[in-house]
Each structure stands twice: as C-alpha cells, then as structure tokens.
Amino acid sequence: DEGDFLRWQCVEYGISDEKLSEQDISNVILTFSFTWSENRVSPQKLLESLNLTDKTDYEKLCEIYNTLNKYEYTDVQYASMFYYLALSAGIDCRIISGTLGESTRVWNIVKLDGYYYNVDLFADMGSDAKLHFLKANKSFAEYNRDEEYLTEQFESAYPMVEEDYEQEIQNPEIHNPQLIQDSSLKSGQEVIYDMVKIGCYP
C-alpha cells in the first residue's frame with residue numbers, strides 16, 4: 001500500500017510527541033482526519049457488501065467497478081474508493097493524477113495478469129459500457145500524467161500493458177465437447193454449432 005488513499009482523502013493531519021521515559025524515548029503519534037458527505041458510503045461498508053469469494057481477479061474488478069458505478073462521485077472519490085477496494089481484494093492498484101484536455105483528472109491503474117491497465121470510473125459514471133475499464137495507454141491517449149508518474153523508476157515498477165483487456169467468453173460445452181452418440185449424424189459428417197465448425201462426428 002503506497003498510501004494513495006491517505007494522500008487523496010485526508011483533509012488534515014496532526015503530529016504529537018509523547019515522552020515515555022527519562023531516557024528521551026518518545027512515541028510519535030500521527031493523526032489523520034477524513035470527511036465523508038452524507039450521501040457517501042464508507043469504503044469499509046462497501047467492501048463488506050461485495051461478493052468476492054472464489055472469484056478471479058478480473059471478476060473481482062468487475063464487481064468493484066459495477067458496485068461503485070451505482071454511486072455518483074467526483075473523479076478523486078471514485079479513484080480513491082477503487083484503489084481501496086482493489087487493494088483490499090488483493091489486487092495492486094495506484095491512483096494517477098494528470099490532465100484530460102484542459103481539466104485536471106484523477107484515475108487508476110490496476111494490475112491484472114502481470115501488467116497494469118487504466119481505469120476511469122468517473123468517465124463511465126452511470127453507464128454500463130465500461131469504455132474506460134482495463135484500457136492500455138493508447139486508449140487513454142488524451143490523458144496526460146503528472147511528471148511523478150512518468151519517471152523511469154515509476155514506469156519500471158508499474159509496467160503498462162500494450163493492448164486493452166479482452167475477456168474471453170468461453171462456453172464449456174463448446175470448448176470441452178463431450179463425445180455423444182447421435183444416430184442422425186453419419187461418420188465423418190461436419191458438426192456446426194452457431195455457424196462455427198467445431199469438428200467432425202467420429
């Protein structure tokens with residue numbers, strides 16, 4: 001956890017010094033304050049509402065994305081909540097700041113299958129299309145990162161994928177066909193399913 005949530009959601013912080021002994025041993029206490037508006041659900045409650053058991057990382061990210069998309073947040077709030085929930089689900093994530101056109105913008109990068117993808121929930125607010133979900137940099141060409149996210153060190157630590165994520169939709173009945181006996185089929189006859197040739201009847 002690189003502390004992105006604290007950075008973007010903390011409204012104030014304090015530092016105090018508590019002396020423990022005459023040997024000048026002290027505790028340094030850091031206090032952080034967060035403010036939640038009445039129409040916002042706390043990240044802990046959202047996490048408890050998610051069903052992430054026995055799901056793949058992709059399915060977890062879809063669950064998080066779809067849940068957050070039911071709410072109306074600012075870009076910073078969306079990115080912070082997505083960051084918190086993804087990390088809580090065991091998926092590495094960062095908050096990225098920069099510009100989109102002439103406006104400032106905050107979005108996420110999230111790790112999936114060894115590489116990082118762009119996610120901008122704010123851009124997809126209220127839509128089911130997921131046009132800004134798990135995208136490569138070339139699909140985010142109008143987004144410009146701040147300098148701290150363009151360093152060689154950062155790009156080495158968070159390698160971006162070259163292509164948008166495409167989830168394969170597999171029908172187990174097609175991809176794992178079972179041998180059946182059908183008197184209406186003759187030996188060597190082609191088997192066609194939904195206009196796709198999948199083999200020949202034995």
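This report describes salt bridges in a predicted model and the burial of the residues that form them.

Residues are numbered from 1 along each chain as its sequence is written. Local features need pLDDT of at least 70, side-chain atom pairs count only at pLDDT 80 or more, totals for chains, interfaces and linings use all residues, and side-chain values use heavy atoms, with hydrogens and water left out.

A salt bridge is defined here as a side-chain nitrogen of Lys or Arg within 4 Å of a carboxyl oxygen of Asp or Glu. The count by this rule is four; the table includes three of these pairs.

| Salt bridge | N to O distance | Separation along the chain |
|---|---|---|
| Asp-120 and Arg-105 | 3.1 Å | 15 residues |
| Lys-135 and Asp-164 | 3.8 Å | 29 residues |
| Lys-138 and Glu-163 | 2.8 Å | 25 residues |

Helices (H or I, at least four residues) and strands (E, at least two) are DSSP runs, numbered from the N terminus. Asp-120 and Arg-105 form a salt bridge. Asp-120 lies in the loop between strand S5 (115–119) and strand S6 (133–135), while Arg-105 belongs to strand S4 (residues 103–112). Both Asp-120 and Arg-105 are buried, a term that means under 20% relative accessible area, with exposed meaning over 50% and partly exposed in between (1.4 Å probe, protein chains only).

Lys-135 and Asp-164 are also joined by a salt bridge. Lys-135 is in strand S6, and Asp-164 is in the loop between helix H5 (152–157) and helix H6 (172–175). Lys-135 is buried, at 17% relative accessible area.

A further salt bridge pairs Lys-138 with Glu-163. Lys-138 sits in the loop between S6 and strand S7 (143–145), and Glu-163 in the loop between H5 and H6. Lys-138 is exposed at 54% relative accessibility, whereas Glu-163 is partly exposed at 47%.
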